[in-house]
Every structure is written in C-alpha cells, then in structure tokens.
Amino acid sequence: MSITVQKISKDYGQQKALREISFSIEKGEIVGFLGPNGAGKSTLMKILTTYLKPTAGSAEVNGFSIDREQKKVQQSVGYLPENNPLYLEMYVREYLEFNAGIYKTDTARIPEVIESTGLGSEAHKRIGQLSKGYRQRVGLATALLHDPEVLILDEPTTGLDPNQLIEIRELIKSVGKNKTVLLSTHIMQEVEAICDRVIIISKGEIVLDKEIHALNAGKRQIVEVEFDYRVETVALENLDQVEKVENPSGFIYHIYFNTSEDMRGKVFDFAHDSGLKILQLHQKNTTLEKLFTELTTQR
Ligand code: ADP
C-alpha cells in the first residue's frame, strides 16, 4: 500500500475536523479527495505530509509511519499546498534550485522536472511574471524535485481559467502515471476528469469510497429534446436503453437512458428517420453530481 490511514481524528479545540477516517491507497492510484469547503481535506493532507499531528489514529505513507518516521515520509511525498505559496521575485530555475537546496536534493533533476511540467519556455522568467497556470506548474515541479513516490496536491486547480484547468489536469494525469496521487477538490467533474477513484468527505467523515468506473456503471442520463411536432412516447420508449420517457410540456420530451454513453446521436437519428425537426437537444448526466450533493448536504 502507498497510503494507509487508520482511524485518524483531528480536533482543533472544540472543532472536530476529522472523525476516525480510514482508507488505503494502492501504489499507482490517482485518488480524488472530494468534499465541500471545511470538510477536512486540507487537514488530512497536512497530517499525511507530517505538517500536522493527528489527535488520534495512525497512518503510513510509502510504508513509513507519520508518527515515528517523519523524515522518510517527507522524502516519499511531494506536496503542493493549497494556494501554492511561491516567491514571486525569484526566477523559475532559481526557485527550483533554492528548493533543491532546502530539501538537499540533487539539482541535476531540475532540467528534467522543468521538461516534465512543461515549464521550458518560462524557466527564465520571474515567477511573478507567470500566469496562474504556470505558477501551478512551478508548484508541481517543486513537489516533483526529489522524485517522490507519492504526490499530495491540495486543490491544485482552484482559480485557474478553463484552458489552464485542462492543461493542469492533463499534467497531473501524466505525472501520475508513475506515482500515487492524492488530490483534493470540491469539484466533482475534476475527479471524473483525473481520478481512478473518489473518496467523498463531509464534516470530517468519509461518506463514499468508490472507483470511478463503478460509479459510471450505475450512471443514468437524461436527454431533453424538443421536436417540432408531437411524438408518441412509446416510439421513444422503443429506442435502445430507454428506461422511461416523460412529456413535461408541448413537444418537449425527457428521455431517461440507463447508460453513460452519449445518446444524443441516437435521438437525432430517430428524429431524422421520423421526419421530425429538433428544436433543442440537451444531455444531463445527473448521477455523480446528485450523489455528491446528497452525500454532502443531507446530513
Ligand atoms: P477543507 O480543506 O476540506 O476545506 P479544512 O481541513 O481546511 O477543510 O478544515 C476542516 C475544519 O477544520 C473546518 O471547519 C475548519 O474551519 C477547521 N480548521 C482548519 N484549520 C484550523 C485551524 N488551524 N484552527 C482551527 N480550526 C481549523
């Protein structure tokens, strides 16, 4: 196991931030730690990186105890903290050299991490001149300097614009090919985009721990379509993998499919074959988001 957490609790005075959390992560997994703000994600990440001590419970990272083998845990973990604190006046390469010095890492790896995090074109600039997306790359490069087994990334895409978001997600997936990754987020789509597995945390407790493909297997989708004319609902019910059809108003139909595959093309073909025009067509994948909302709010 790459990470094993056993009954970890953390109290800040009266505030119970974590309540007997347990899970384990195998080598090579990319796991999304998902929960609303204040759920306890950062607290657990700080405990796993030995920045904080738990009130109770134990954990091992890369086989080393967070209590008794802190140095070895720190050598095994690359950590990107929330809000990624950087020295803005430093040059990228200088900042990486500075960090290599602090952590007594061989500077020979710097060109390699610059390359693997796509920083090549920006390496000669001051960090303050970089976009938020490139600053995150600098944070990731720093976390990768000592070639750790495990990466712990606290909200790595918060504040990024949509293009930067896609780039950083791709980068995490690519560096995660040879590492175990635990990343926190409050966005369900992020987990779907990057992770093999999701652990949902709410008010300091785990409320769901599942592989993404297992969640997708139970996924439903609703296609909302508006035709230019009335359709017999039974004709739509006869399409493949349809569970039910509703006709909420006029020529608008809600078609419930029991598959995660995009079925809009099938609805389009149906309209074409029936000589109908489509005025609107939307697809909604509801299950994962609904699950997240249900698990994290109705408690
Ligand atoms: P998340 O990362 O999921 O947003 P946190 O781990 O930051 O959640 O916080 C969990 C809970 O612990 C919150 O209620 C937060 O207010 C509280 N908390 C976090 N850090 C401290 C601290 N240093 N002192 C007191 N309470 C804290």
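**Exercise 1. Asp 147: buried, exposed or partly exposed?** Work out which class Asp 147 belongs to in this predicted model.

*Solution.* Start with the number: the relative accessibility of Asp 147 is 43%. Buried needs a value under 20%, and exposed needs one over 50%. Asp 147 therefore counts as partly exposed. Next, find its place in the chain: Asp 147 sits in the loop between α5 (132-144) and β7 (150-154). Finally, check the backbone: its phi is near 50°, a positive value in a residue other than glycine.

**Exercise 2. Now do the same for Asn 84.** Is Asn 84 buried or exposed, and in which loop does it lie?

*Solution.* Asn 84 has 9% relative accessibility, so it counts as buried. Its loop is the one between β6 (77-80) and α3 (92-102). Look at phi as well: Asn 84 isn't a glycine, yet its phi is positive, about 30°.

**Exercise 3. Glu 29 and its surroundings.** Find out where Glu 29 lies and what it is in contact with.

*Solution.* First, the location: Glu 29 belongs to the loop between β2 and β3 (30-34). Second, the accessibility: with a relative accessible area of 12%, Glu 29 is under the 20% cut-off and so is buried. Third, the contacts: setting aside neighbours within four places in sequence, Glu 29 is in contact with Lys 179, Thr 180, Val 181, Asp 196, Arg 197 and Glu 211. Last, a local polar pair: a polar atom of the Glu 29 side chain lies 2.7 Å from the backbone nitrogen of Glu 26.

**Exercise 4. Put a sheet together.** Give the strand order of the open sheet of 4 strands, then place helix α1 on it.

*Solution.* The order is β2-β1-β4-β5, and the pairing is antiparallel. At the edges you'll find β2 (15-25) and β5 (64-65), each pairing on one side only. Now zoom in on β1 (residues 3-12): 7 bridges link it to β2 in the antiparallel sense. One pair to look up is Asp 11 with its bridge partner in β2, Lys 16. Helix α1 (residues 41-48) packs on this sheet and touches β1, β2 and β4 (56-61). The direction of α1 makes about 120° with that of β1.

**Exercise 5. Walk around the ligand.** Which residues surround the ligand?

*Solution.* Go along the chain: Tyr 12, Gln 15 and Ala 17 are among them, as is the run of Pro 36, Asn 37, Gly 38, Ala 39, Gly 40, Lys 41, Ser 42 and Thr 43. Then pick out the polar atoms:

- Tyr 12 has a polar side-chain atom 3.4 Å from a nitrogen atom of the ligand.
- Gln 15 puts a polar side-chain atom 3.0 Å from an oxygen atom of the ligand.
- Ala 39 uses its backbone: an N or O atom there lies 3.1 Å from a ligand oxygen atom.

**Exercise 6. Trace the nonpolar cores.** How many residues make up the largest nonpolar core, and what does Ile 172 touch?

*Solution.* That core has 42 residues. Those with the most contacts inside it are Leu 96, Val 138, Leu 153, Ile 172, Leu 183 and Val 198. Take Ile 172: leaving out residues up to four places away in sequence, it touches Ile 30, Leu 140, Leu 153, Pro 156, Val 181, Leu 183 and Ile 194. Another core, of 25 residues, lies apart from the largest one and includes Ile 25, Val 31, Ile 199 and Ile 201.

Conventions: Residues numbered from 1 in each chain as written. Predicted model: local features only at pLDDT ≥ 70, side-chain atom pairs only at ≥ 80, totals over all residues. Heavy atoms only, no water. Core = buried A, V, L, I, M, F, W, Y, C linked by side-chain atoms within 4.5 Å. Buried < 20%, exposed > 50% of the residue type's maximum accessible area, 1.4 Å probe, protein only. Contact = heavy atoms within 4.5 Å. Pairing = 2+ DSSP bridges. Helix = DSSP H or I, 4+ residues; strand = E, 2+ residues; numbered from the N terminus. Axes fitted to C-alpha atoms, helices over the stretch in contact; angles between N-to-C directions. Polar contact = N/O pair within 3.5 Å; in protein donor to acceptor, adjacent residues only side chain to side chain. Near = heavy atom within 4 Å.
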